[in-house]
Amino acid sequence: ISFTTNDADENPFSFRITGAVAATGSLDPTFGAGGIVITNIGLSDARGRSVAVQPDGKILVAGFTQVGTSYSFALVRYHADGALDASFGTDGKVITGSSSQSGRSMALQPDGKIVVAGYGSNGSNDDFVLVRYNPDGSLDTSFGVGGTVATAIGAANDWAFSVAIQSDGKIVVGGESHNGANEDFALVRYDADGSLDASFGTGGKVTTAVGSSSDRGRSVALQSDGKILLGGFSSNGANDDFTLVRYNADG
């Protein structure tokens with residue numbers, strides 16, 4: 001901004017304010033290297049699937065990384081400028097589990113604990129897997145068995161893709177379950193300690209067949225009245241359509 005005055009009672013002067021104004025959508029040069037951070041976690045593939053920002057501005061990314069011939073949950077925390085947070089896990093990184101476990105979604109509790117949901121092999125097929133971490137990245141051993149909960153819904157593959165935490169501390173996980181012929185929407189609710197919430201659905205579990213073919217749940221959201229939304233897609237026999245199911249608070 002600049003202007004000049006030539007008022008008769010004052011000497012001519014100019015006033016100028018300059019600054020670099022970033023174009024909308026441009027990379028933030030104060031973050032990482034030119035707005036980009038790349039983090040090597042294991043010796044092979046590492047894939048981020050979910051991101052969350054803590055109240056203190058630190059950034060968490062959850063996903064999975066290859067360890068040997070299988071995959072494990074992976075969690076990384078960064079400072080607000082994109083630098084790894086050395087106070088978290090080992091140099092900012094945490095790797096959890098084995099047996100081809102894949103982290104897919106993350107939610108933050110008000111007490112700073114971190115919940116990551118996904119799925120992992122039980123030796124013959126996949127089950128829902130839920131892991132809870134303390135704020136420093138260590139496993140929360142008060143949750144499930146050593147910080148981990150695995151839940152079989154059906155007799156075949158069960159895959160969790162989304163997690164949300166209710167205001168009462170209960171944890172809702174959404175995804176899909178194979179019914180022997182195709183997939184159905186699947187929803188599981190846990191008490192705060194990782195045990196199944198017996199007041200929800202059947203023993204804490206709900207499955208919903210939308211059509212006669214595959215129905216795949218992908219994202220869960222909580223309404224203020226306690227109702228639960230699970231969105232995804234379903235086959236109509238020829239192609240896939242957006243699908244949304246709403247559940248009452250009891251499943």
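Select V131 and show what surrounds its side chain: leaving aside neighbours within four places in sequence, V131 is in contact (heavy atoms within 4.5 Å) with F73, T96, I114, V115, V116, L139, F143, G147 and T148. This is a predicted model, in which local features need pLDDT of at least 70, side-chain atom pairs count only at pLDDT 80 or more, and totals for chains, interfaces and linings use all residues. Residues are numbered from 1 along each chain as its sequence is written, and side-chain values use heavy atoms, with hydrogens and water left out.

**Staying at V131**

Colour by strand and you will find V131 in β9. Strands (E, at least two residues) and helices (H or I, at least four residues) are DSSP runs, numbered from the N terminus. Is V131 buried or exposed? V131 counts as buried, because its relative accessibility is 0%; the term buried means under 20% relative accessible area, exposed means over 50%, and partly exposed is in between, with a 1.4 Å probe and protein chains only. Now draw a distance from V131 to F73: the two are 58 residues apart along the chain, and their C-alpha atoms are separated by 8.7 Å.

**The largest nonpolar core**

Next, select V115, F128, L130, V163, I171, V173 and Y190. These have the most contacts inside the largest nonpolar core, which has 16 residues. A nonpolar core here is a set of buried Ala, Val, Leu, Ile, Met, Phe, Trp, Tyr and Cys residues joined through side-chain atoms within 4.5 Å. Two or more residues of this core come from each of β8 (114-121), β9 (126-133), β11, β12 (171-178) and β13 (183-190). Apart from this core lies another, of 13 residues, with A52, L60, L75 and V129 among them.

Click on Y190 to look around one member of the 16-residue core. Beyond its neighbours within four places in sequence, Y190 is in contact with F128, L130, V149, T151, K170, I171, V173, S195, L196 and D197.

**On to A160**

Select A160, in strand β11 (residues 158-165). A160 counts as buried because its relative accessible area is 0%. Which residues does A160 touch, not counting those up to four places away in sequence? They are R104, G118, Y119, F128, V173, G174 and G175. For a longer line across the view, join the C-alpha atoms of A160 and N40, which are 120 residues apart in sequence and 25 Å apart in space.

**Two partly exposed stops**

Move to I95, in strand β6. I95 counts as partly exposed because its relative accessibility is 42%. Residues up to four places away aside, I95 touches I41, T65, V67, S72 and F73. A line from I95 to N134, 39 residues apart along the chain, gives 14 Å between the C-alpha atoms.

Then pick A152, in the loop between β10 (148-151) and β11. With a relative accessibility of 36%, A152 counts as partly exposed. Its contacts, leaving out neighbours within four places in sequence, are D127, D158 and K205. The C-alpha atoms of A152 and D197, 45 residues apart along the chain, are separated by 14 Å.

**A loop residue with an unusual angle**

Now choose D91, in the loop between β5 (70-78) and β6 (93-96). D91 counts as exposed because its relative accessible area is 53%. What is the phi of D91 near? The value is near 55°, which is positive in a residue other than glycine. Most residues other than glycine have a negative phi.

**Zooming out**

Finally, show the whole protein as a cartoon. How many strands are there in the protein? There are 17 strands and zero helices. Turn the view along the principal axes, where the C-alpha trace spans about 90 × 40 × 40 Å. Of the 251 residues, 41% count as buried. Among contacts between residues at least 6 apart in sequence, 40% join residues at least 24 apart.

Colour by charge to close: the protein has 16 positive and 27 negative side chains, and the centres of the two sets lie 4 Å apart. Lys and Arg count as positive and Asp and Glu as negative, with His and the chain ends not counted; each charge is placed at NZ of Lys, CZ of Arg, CG of Asp or CD of Glu.
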